[in-house]
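Q: Please take a close look at a single helix of this protein and explain how it is built and what surrounds it.

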Amino acid sequence: MTNWIKRKKTKPVQVGNVFVGGTNPISVQSMTNTNTCDVVSTVKQINDLKLAGADIVRVSVPGFDEAKAFKEIKKTVDIPLVADIHFDYKIALEVADSADCLRINPGNIGKENKIKEVINSAIDNGIPIRVGVNAGSLEKDLQKKYGEPNADALVESALRHVEILDKFNFENYKMSLKASNIEMTVDAYRKISKIIEQPLHLGITEAGSYRAGTVKSSIGVGILLSEGIGDTIRISLASDPIDEIKIGWDILKSLNIRSRGVKIIACPSCSRQNFNVIEVVNELEHRLENISDDIEVAIIGCYVNGPGESKAANIGLTGASPNNLLYIDGAPNKKISNENIVDELEEQIRLKISLNKTKSEKIILRS
Ligand code: SF4
């Protein structure tokens with residue numbers, strides 16, 4: 001991965017076996033949308049999220065029945081779980097021994113003695129807290145002071161929470177300041193990153209539907225990541241949580257921050273194409289969804305850009321008539337007819353991945 005982005009160094013926190021912040025990889029997370037009390041469905045969704053590439057999963061715990069279910073869920077899955085709790089500090093105390101992180105807002109927990117109990121419980125269990133400030137639930141006095149939610153209001157709200165945590169010498173936290181407006185969110189994160197040393201959890205909240213939300217999140221989260229701000233991301237979409245993980249990874253891959261799975265480079269296609277680029281790309285992406293190994297594949301419709309892109313990728317295909325040309329590791333390898341493109345590419349990609357694995361196993365054995 002390139003280091004064109006100078007990342008701000010934050011104080012890492014540990015969420016289960018995942019370190020967030022410092023020089024640790026930027027983690028991708030999502031949240032379950034099943035009924036937490038439905039343990040079977042929630043476990044299934046958590047496992048599906050893990051398969052899709054989630055590093056951390058958040059689960060909503062609105063009451064004590066859900067707290068009981070959370071404990072059951074935690075016993076069955078092997079991915080760090082964040083318990084999302086609001087208002088009732090006793091729920092936080094109830095799940096602290098099984099959660100890997102508590103998402104609470106000290107400001108909505110109530111009196112200081114209650115906050116102190118939650119902090120002590122986090123300390124006793126060695127888990128961090130994620131403070132999540134949201135433009136939609138800003139304190140009433142801040143709404144009055146600023147007239148409407150803005151970046152300064154978000155930062156002031158965040159600093160109130162920080163002040164409470166500081167009072168109890170609790171530094172083991174990460175912070176998010178989310179709004180559905182990109183400009184406000186970016187501005188707020190830029191400001192808070194200059195003030196605190198703790199890791200930042202990025203996201204554009206209530207970003208919207210799959211398409212609109214993906215665009216908004218990619219711009220907002222992308223701007224911040226490209227400035228070196230952010231240690232973990234959650235893409236909030238009104239869509240399947242699996243999509244949140246896929247988009248999160250695509251953002252990291254696009255910025256060359258982290259890679260996972262097949263990165264397909266494809267031309268948009270035009271009348272020069274020698275095969276149906278869009279159909280091939282979609283089918284291949286679908287077939288290769290279960291691959292988590294890092295590999296770059298170029299699929300280009302003709303010789304205008306084909307050879308250049310194909311040579312730069314691990315595996316490339318350049319459209320030509322009567323047969324297309326397959327490249328492996330930058331060198332022409334063989335000709336492929338249009339009928340065999342997807343099958344042949346899939347075979348070559350899987351073969352390359354297994355050869356890479358064998359090679360690295362040999363290196364490990366030798367060292
Ligand atoms: S690479 Fe060829 S087929 Fe693809 S968009 Fe460019 S000119 Fe068209």
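A: In this predicted model, helix α6 covers residues 151-167. At 1.5 Å a residue, its 17 residues should span 24 Å, and the end C-alpha atoms are 24 Å apart, so the expected span and the computed distance agree.

The two ends of the helix may be taken in turn. At the N-terminal end, N150 acts as the cap of α6: an oxygen of the N150 side chain lies 3.1 Å from the backbone nitrogen of D152. Just after α6, N169 adopts a positive phi of about 50°.

Next comes the question of burial. A residue counts as buried when its relative accessible area is under 20%. In α6, the buried residues are A151, A153, L154, V155, S157, A158, H161, V162 and L165. An α-helix has 3.6 residues a turn, so residues three or four places apart point the same way. In the list for α6, L154, A158, H161 and L165 are among the buried residues.

The buried residues of α6 are covered by several elements. Among the helices that contribute are α4 (112-125), α5 (140-146) and α7 (182-195). The strands β7 (129-134) and β8 (173-178) are also included in this cover.

Finally, the wider setting can be given. The domain assignment of the protein chain places domain 1 at 13-254 and domain 2 at 262-366. The centres of domain 1 and domain 2, taken over C-alpha atoms, are separated by 38 Å.

Key. Residues numbered from 1 in each chain as written. Predicted model: local features only at pLDDT ≥ 70, side-chain atom pairs only at ≥ 80, totals over all residues. Heavy atoms only, no water. Domains from an automatic or database assignment. Helix = DSSP H or I, 4+ residues; strand = E, 2+ residues; numbered from the N terminus. Expected span 1.5 Å × (residues − 1). Buried < 20%, exposed > 50% of the residue type's maximum accessible area, 1.4 Å probe, protein only. Contact = heavy atoms within 4.5 Å. Polar contact = N/O pair within 3.5 Å; in protein donor to acceptor, adjacent residues only side chain to side chain.
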